[in-house]
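Biologist: I'm new to this one. Can you put it up and walk me through it?

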Amino acid sequence: MRRLRVVPAALVVASMVLPVTPAVAGQRSASGSGCTDESVPLTVEEQRLARSEPQEILGRSGFDSVPSEFTRALCGADSYRQARESVLRHGQRLWRRAVDRAQGRGPAGGDLDRLDDRPLYWARLGMTSQLRRWRPDFELSDARRTALLDRLERSSRGQDAIDFSAGKAGGPEDGKGKGLKRMLVTGFDPFTLDEDIRISNPSGADALTLDGTVLRTKAGKVRIETAMFPVRWADFTRGTVERTLRPHLPKVDLFTTVSQGRPGRFDVERYNGAWRGTFPDNDDVSAPGTVPVSDDATQPQWTATTLPYKDIVSAPTGRFPVEDHTEVVEIPAGGSDPVTRPDGPTEGSTAREGGGGDYLSNEIAYRATLLRDRLGLDIPGGHVHTPVLEFGKGNTDPATGTITDPEFLRNRRDIIEQVHSIVRVAAER
């Protein structure tokens, strides 16, 4: 994902949790089983859930019941072990339900298009809100609550469900057998929600439509597994990308991270930089500086794609142009001021923007390709930016617009189909 607006460097928010409308201390919810304390503050990201647009998205997809069902399960937990099992079960159920819905299995649950990635995002926030406010009858330390939240995040994003073995639950029958290539694809949550809370992220929809599928290519069948990532600096600092990808990269034949980029075009990002900018994440937190990784003594300033970009950009994959994007921003060796380089970084330079900018799309590309290199893997891998998923011409104002329209649906379907084509080209080469 690329930065869509300029934010001053001074905008650095220290805390991810802000107070909400105060309630009586210790007050418990009157809904459900009454085991939640409404006075507990929510994160900035969770507070947006109260807006009418997210509630409409949940209601029109049938995902509005997810938080309350999860709360009832929490209220029935008599121990930490039971709570852990319940969190895992409901997190995995949410991921599988979103995947099944996107791939046409089971009831749609409402009139919202099946390819929509937003119900998963907002339902997850409903669950994390309830888990944050849960007050069990047994003692629960802050560390254990944090562990439960982490378990919920990972399970509801498919991060712990990546499985290339034959006969995966929910996977296609023709995915069984030997001789399959294996491909790992990742997507992102919606972001820039303060600009337009209706926003969707086609990379998330791509992940949902591709998970567990098998593509038939000229080079044979390709089994695809996917996962999604949050738009939060803190999660990346804690190593969520490496923790998710490290067990699987040595087993795959190729991989690509995907995010939403600029309007009207796809970009295959040639170079990734070791730098974070000032743009705030979904919790309104900024974290400018060098990308924090383990063993920073051997950290390169740049990594590069090994995807077959020449083949991808020359293939007729869909209605949007696909560019081999080589531009970066660097501080040249011995210099002090940033310089834009249209053809990639120069020797000894310091990164300030990769091809994907200085936001989390550049960072996931940097982390994934750095992990590839540190593991000594000779496989194709890199980052693809999709076009921005735009609403129709009469529906661009978030203050008066609707959550969907025919042009919005067409744009999403075309982007998804073109990602599938790009993935097919990469696999064939």
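Modeller: A term to start: buried means under 20% relative accessible area, exposed over 50%, and partly exposed in between, with a 1.4 Å probe and protein chains only. This is a predicted model, so local features need pLDDT of at least 70, side-chain atom pairs count only at pLDDT 80 or more, and totals for chains, interfaces and linings use all residues. Residues are numbered from 1 along each chain as its sequence is written, and side-chain values use heavy atoms, with hydrogens and water left out.

Biologist: Is Lys221 buried, partly exposed or exposed?

Modeller: Lys221 counts as partly exposed, because its relative accessibility is 32%.

Biologist: Which strand is Lys221 in?

Modeller: Strand 3, residues 220-229. Strands (E, at least two residues) and helices (H or I, at least four) are DSSP runs, numbered from the N terminus. The C-alpha atoms of Lys221 and Lys181 are 6.3 Å apart, with the two positions 40 residues apart along the chain.

Biologist: New topic. How many salt bridges are there?

Modeller: The whole structure has 37 salt bridges. Each is a side-chain nitrogen of Lys or Arg within 4 Å of a carboxyl oxygen of Asp or Glu.

Biologist: What does Arg198 pair with?

Modeller: Asp196, with the closest N and O atoms 2.9 Å apart. Arg198 and Asp196 are both buried.

Biologist: And Arg238, what is its partner?

Modeller: Arg238 forms a salt bridge with Asp235, and the closest N and O atoms are 3.4 Å apart. Arg238 counts as exposed because its relative accessibility is 61%. Asp235 is at 10%, so Asp235 counts as buried.

Biologist: Which residues share a network of salt bridges with those two?

Modeller: Glu45, Arg124, Glu153, Arg157, Asp189 and Arg232 are linked with Asp235 and Arg238 in a network of salt bridges.

Biologist: On to pockets. What is the volume of the largest pocket?

Modeller: About 600 Å³. Of the 26 residues that line the largest pocket, Arg132, Thr146, Leu149, Asp235 and Arg238 are the closest to its centre. A pocket here is found on a 1 Å grid over the protein atoms alone: an open set of points where a 1.4 Å probe fits, with protein on both sides within 12 Å along at least five of seven lines. Lining residues have an atom within 4 Å of a point. Grid points are joined across faces, edges and corners, and a volume is the space filled by probe spheres set on the points.

Biologist: Which helix gives the most to that lining?

Modeller: Helix 6, with eight residues. The lining of the largest pocket divides into six nonpolar, six polar and 14 charged residues. Ala, Val, Leu, Ile, Met, Phe, Trp, Tyr, Cys and Pro count as nonpolar, Asp, Glu, Lys and Arg as charged, and the others, Gly among them, as polar.

Biologist: What about the second largest pocket, what is its volume?

Modeller: About 340 Å³. Helix 5 gives the most to the lining of the second largest pocket, with four residues.

Biologist: Last one. Which cysteines does a disulfide join?

Modeller: Cys35 and Cys75, S to S 1.9 Å. A disulfide is a pair of cysteine sulfur atoms within 2.5 Å. The pair links distant parts of the chain: Cys35 is in the segment before helix 1 and Cys75 in helix 3. Cys35 is buried because its relative accessible area is 7%, whereas Cys75, at 24%, counts as partly exposed.
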